[in-house]
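Here is a short tour for the bench, one part at a time. Keep the viewer open and follow along.

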Amino acid sequence: MSDHIVSAYSEELERLSADIMKMGGIAETMIVDSTRALSANDLELAKEVVLRDLLLDVIESDAERQIVSLIARRQPMGHDLRMILSAMKISSELERIGDLAKNIAKRAQRLDDNVNDEMRNAIVRMSKPVSRQLNNVLNAYASASPEKAKLVWESDDDIDNHYNSVFREMLTYLVEDPRRITAGAHMLFMAKNLERIGDHCTNIAEFVYYQVVGDYLSELERPKQDQV
Amino acid sequence: MDTTQGTPAMMDDTLTLPRSADGAQRIDCRNIKVFYGQAQAIHDVSMSFPDRAVTALIGPSGCGKSTFLRCLNRMNDTIENCRVEGEILMDGENINDEDVDPVLLRSRVGMVFQKPNPFPKSIYDNIAYGPRIHGLANGREDLDAIVEKSLRRAGLWEEVKDRLTAPGTSLSGGQQQRLCIARAIAVQPEVILMDEPCSALDPIATARIEELIDDLRSRYCIVIVTHSMQQAARVSQRTAFFHLGNLVELGDTNQIFTNPREKRTEDYITGRFG
């Protein structure tokens, strides 16, 4: 899109969009590192991920201030208006994703010796498609592609299926050995957190689509397979 | 203020044409072309204006929006070398037909200008002048009622009721503009045209006029030309974007300002026009 007559306006929008991408990047590494900490039982890394969430919060509140100022001073219209509203929504989705990743990292620090590698691997396996969803939706945002956004939106089912299968798998470990229950409960929450991250990615996809196209991805088209 | 209960003089519809139902088109323009000498200012514009709704005409300076607005009550007749082609239908009648009296037409299609232009007369006479020459009042009492009703509808009555004999020009700019609106209303028009009615007013006076436009919407077909996109977004239900004499896009105001279909509209409303 060509530049505004008032060049400072274009610069402000670019800065906002760069901040969203920065938040996306941080959230992405938080998911990867929290599960890496889990898989390697790296408590230092887990602690570091928890701290990283603060950075996300700071950028989010700064983005919010930028948005308020843009609305008050520029009275955005058309695509600019949709971009700014989407940025507001997307930043809070990313902040939530950060919270959920932080929670995984916190729980990774609380696991006892009864947890086995299969249990850890189940979560790590599930984290891969979730990270991919976030990566894809950030690509959709960066390239302003409604097609890519729609693809993310349509693939949330895979995550839901993955979650259901991890849930069942986890139950078998708990049935085998009740001493695993405490750690297992933490890991079920981790799986749930990953599933929620997938939902937030879907929301982001909806905002990207709205920003670019100006229409809403209808919730009706997408088949839901929630079983838990 | 209840604007639905009028005095007999204002509620008497024998002098006005029958009001059309909600959503009906009050004015229907077909293939309008306007020329100033050799230069064409409007290129084949067709659009209609619904009753009981505000339509905003927006676009950069020189895009033809004011020229188009002035076609609707034949104000272009007064310009020496201006020629209008096409049909402008009101109640099925072409307003450019030879047997249409432009003075009578302008009482049906009132106009408010950028700069308030009250007559150099008293507040009372500013309002009473039109009804008097059009024979809309039967005697003094009737005329008083029309003056009061018109000033009430224009939201000015409370501010001027104790000084109706003061000159219209003694009022503030915003009050003068509301006086001009009251003057337009007094002759029972069907359509009110507004050409940048707030551009000479401060934000408070502007807000008053906008509130008034919203009130008047329940009775009239209103067409407003404005340079302020925010104003168009605030007061209108439909917006038409003009560029270089063409009607580029016409749509629901909400749609035009959040998701315009045409790139030229998008560029204009977001401030990207080169």
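## Partners of strand β8 in chain B

In this predicted model, B:Val54 stands opposite B:Ile222 of β8(B). The pairing behind that match is between β8(B) and strand β3 of chain B, residues 53-58, which run parallel and are joined by five bridges.

β8(B) also pairs with strand β7 of chain B, residues 191-195, again in the parallel sense and over five bridges. Here you will find B:Met194 opposite B:Ile224. Helix α8 of chain B, residues 203-216, belongs to this part too: β7(B), α8(B) and β8(B) make a right-handed β-α-β unit.

## Buried or exposed?

Now for the surroundings of β8(B), residues 221-225. Five of its five residues are buried, so the strand is largely enclosed by the rest of the structure.

In a regular strand, side chains alternate between the two faces of the sheet. For β8(B), both faces are covered. B:Cys221, B:Val223 and B:Val225 are buried on one side, and B:Ile222 and B:Ile224 are buried on the other.

## A look at chain A

Turn to chain A and you meet seven helices and zero strands. Its radius of gyration is 19 Å, close to the 17 Å that the globule rule gives for 228 residues, so chain A is as compact as a globular protein of that length.

Along the principal axes, the C-alpha atoms of chain A fill a box of roughly 65 × 40 × 20 Å. Of its 228 residues, 42% count as buried. Among contacts in chain A between residues at least 6 apart in sequence, 82% join residues at least 24 apart.

Conventions. Residues are numbered from 1 along each chain as its sequence is written. Chains are lettered from A and ligands numbered from 1 in the order in which they are written. This is a predicted model: local features need pLDDT of at least 70, side-chain atom pairs count only at pLDDT 80 or more; totals for chains, interfaces and linings use all residues. Helices (H or I, at least four residues) and strands (E, at least two) are DSSP runs, numbered from the N terminus. The radius of gyration is taken over C-alpha atoms; the globule rule is 2.2 Å times the number of residues to the power 0.38. A residue is buried if 20 or more other C-beta atoms lie within 10 Å of its own, exposed if 12 or fewer, and partly exposed in between; C-beta atoms are placed from the backbone. Two residues are in contact if their C-beta atoms, placed from the backbone, lie within 7 Å. Two strands pair if DSSP finds at least two bridges between them. A crossover is right-handed if, with the strands pointing away from the viewer, the path from the first strand over the helix to the second runs clockwise.
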